[in-house]
Amino acid sequence: MAASAPHALQRLFGSRVTIGGPIEARLFPRPHIVMTDISLNDDGHGVRLDVPQLEATQSLTSLVTGRLGFSQLRLSEPTASIDEDRLSSLPASSAIALLGHAFPGRIVLSSGVVALRSSNPAASGLLIGLNAVVEGLDRNGVAALSGHGTWRGQRVEMSAHLAPFFDFLLGRETSGSVRLHLPLLSASVDGQLHAGIRGGFDGKVSASTASLATLLRSNDLPAGIGRVVGEASFSGSGVANQDSLTFSDTHLVLDKTDFEGSLAWQPNQGHGAWTGTFATDRLDLTHAFDTLPDARSRDGRWSDKHWALDASLWDDVDLRVSANRATFGPIDVEDAAFSALCRDGRVEISLSEARSLDGLIRGRAVASLGASAVDLKVDLSMSQLDLEPLSGPKAPRGLTGSASGHFQGDAHGGSPKALIESLTGHGQISVRQGSLPPLQTIADLSATQERTAVLSPLGSLQQFDLGTADLDVDKGLLKIENGRLLGPAFERVFRGEISFLDHSMSLATADATPEALAAGRDVVTTSFAGQWGQSPRVLRLDQVSAPPRLLTRSPGAVEFLP
């Protein structure tokens, strides 16, 4: 019996089996064989198995026929190496040979290790401490696996079913299901395998996680959107084969935001290509840019740390999302259509025409990502936006009008500071039929060493018919040129500068009636210069010039109050 064991194992697995240690036959409690140092090497199908000790219990059928067969195999501390890119079903000749022999009805794995190798890094790794039982391995039975192990430091519980098992070996259509449960992930797959393990699948797939960022990082994947998304779940009807993966009726939930649509993947020149179309009722993009590396250092200055944004290993992406309503911080837009494209190091994000503040907005940003620098181009426009809803804590109350404008800009650099230093662009803005609260400066009477002043709206609103200005950006400095404000009985011209680098700014205005301007008489002028502080609503003034009736103070901190 012991002498025929290697041949029986070779017939059983359809691969070459070597036994390096002693073989011992035992009769009690049931006839069984204990073998040591067993190796199974099936290079053609990407599988290698090394077993320090294998205990094979002889089947009752083999006792009657005299032909060696096993009812159970117990593998102690086995180590399996699986090349997923080469894994395939058994050839028909090997599978047919199995039909003629008593395949073990039960396989027990104890303290095993499975090494998975794949061109996909997320699918590569070690499954250690594997304890599992496989049952139902007969001709027409339902093969069932249950067990647990440790994957990337996380305990994983697993179960799977295949029916009929021998149809799976022969590469025929087979029903199957898989369940996985980890602390960070629960997943299930139910469907049909059409031609063995590599022949294709269609069925239902679902997965959920309590922390998408932690899940991605634990699998050595970039956190990306996971930085701003906590809970996530996915379900859909999928069709998969060696060359593509397609999901229809897809339901995706990211932090309680529901998306419905479709998703597909296929290989493309050494990496993957994703396409997806989704729709949602409400989309909050307030923290969308938190996925980028920190743009500022702790002192509030632009960071000069190099951004590692080499996209050569990124998958291609063509993602389109429509939302009944989307939120960008304090701004809501309706009927928004977004698209995100990524291919060959070029990333494009665009917002098609969407309604906001009773007007329309559009935007497009294109970044060409290189190993050492980023080329960035932006194009933004708005039409007939109602400014009144913006009045409040971050804008003077009483600011109204219908605003339209357009801006185009570009930048090049390998860090946030370099991008800002190279930023150039131009645009225009106009506001029709609006109003401004007249700003007056009042000295702070508090007994502080540094006196402050408050720009606060006093008196009645100042109505105007049209306000226009040209915007030019050169090396991070925004210049406001040709500013003009026209009203029923006044005309105001203004110009200014705002630096995105050091937060300095200056503004100069000149007011006069049309009659005064025509007669060449003196006009009322106001100017001030300073620097924005840590709060975007605080301006520290260095120079102030205004008529005495408007200003009696020394330079200090200025806060714009509603």
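**Close-up views of a predicted model**

**View A. At a relative accessible area of 7%, Phe278 counts as buried.** Burial is assigned with a 1.4 Å probe on protein chains only, where buried means under 20% relative accessible area, exposed means over 50%, and partly exposed covers the range in between. The model is a predicted one, in which local features need pLDDT of at least 70 and side-chain atom pairs count only at pLDDT 80 or more, while totals for chains, interfaces and linings use all residues. Residues are numbered from 1 along each chain as its sequence is written, and side-chain values use heavy atoms, with hydrogens and water left out.

**View B. Aromatic pairs.** A pair of aromatic rings is described by the distance of the centres and the angle of the planes. Rings of Phe, Tyr and Trp (for Trp, the six-membered ring) are paired here if their centres lie within 6.5 Å, and planes under 30 degrees apart count as stacked, those over 60 as edge-to-face, and the rest as tilted. By this rule there are three aromatic pairs. One of them joins Phe234 and Phe247 edge-to-face, with 5.0 Å from centre to centre and 85° between the planes. This pair links distant parts of the chain, as Phe234 belongs to strand β14 (residues 232-240) and Phe247 to strand β15 (residues 245-254), 13 residues apart; helices (H or I, at least four residues) and strands (E, at least two) are DSSP runs numbered from the N terminus. Phe234 is buried at 18% relative accessibility, and Phe247 is buried at 8%. For Phe259 and Phe278 the ring centres are 6.4 Å apart and the planes stand at 85°, so this pair is edge-to-face. Here too distant parts of the chain are linked, with Phe259 in strand β16 (residues 257-268) and Phe278 in strand β17 (residues 271-284), 19 residues apart. Phe259, with a relative accessible area of 8%, is buried.

**View C. Nonpolar cores.** A nonpolar core is a set of buried Ala, Val, Leu, Ile, Met, Phe, Trp, Tyr and Cys residues joined through side-chain atoms within 4.5 Å. The largest such core has 54 residues, of which Leu54, Leu73, Leu75, Leu127, Leu283 and Ala336 touch the most other members. When residues up to four places away in sequence are not counted, Leu127 touches Gly112, Val113, Val114, Gly149, Thr150, Trp151, Val156 and Met158, where contact means heavy atoms within 4.5 Å. Apart from the largest core lies another, of seven residues, among them Trp307, Phe407, Ala411 and Leu419.

**View D. The surroundings of Arg492, which lies in strand β29 (residues 491-499).** Arg492 has a relative accessible area of 17% and is therefore buried. Leaving aside neighbours within four places in sequence, Arg492 is in contact with Leu436, Gln462, Gly483, Arg484, Leu485, Thr509, Ala510 and Asp511.

**View E. Salt bridges, of which the structure holds 17.** A salt bridge is counted where a side-chain nitrogen of Lys or Arg lies within 4 Å of a carboxyl oxygen of Asp or Glu. Asp332 and Arg282 meet through their side chains in one such bridge, at 3.7 Å from N to O. Asp332 lies in strand β19 (residues 331-343) and Arg282 in strand β17, so this pair ties together parts that are 50 residues apart in sequence. Asp332 is partly exposed at 33% relative accessibility, and Arg282 is partly exposed at 38%. Glu334 and Arg325 form a salt bridge at 2.9 Å, N to O, with Glu334 partly exposed at 26% and Arg325 partly exposed at 34%. Arg325 and Glu334 are also linked with Asp335 and Arg355 in a network of salt bridges.

**View F. The salt bridge of Arg364 and Glu348, at 3.0 Å from N to O.** The pair links distant parts of the chain, with Arg364 in strand β21 (residues 359-369) and Glu348 in strand β20 (residues 346-356), 16 residues apart. Arg364 is partly exposed at a relative accessible area of 38%, whereas Glu348, at 13%, counts as buried.

**View G. Confidence along the chain.** The predictor's confidence in each residue is given as pLDDT, from 0 to 100; its mean for the protein chain is 77, and 71% of the residues reach 70 or more. Among the elements, strand β33 (residues 557-560) has the lowest mean pLDDT (40) and strand β23 (residues 400-413) the highest (94). Over residues 95-102 pLDDT stays under 50, and the model has 19 contacts beyond four places in sequence for this stretch. Over residues 548-562 pLDDT also stays under 50, and here the model has 54 contacts beyond four places in sequence.
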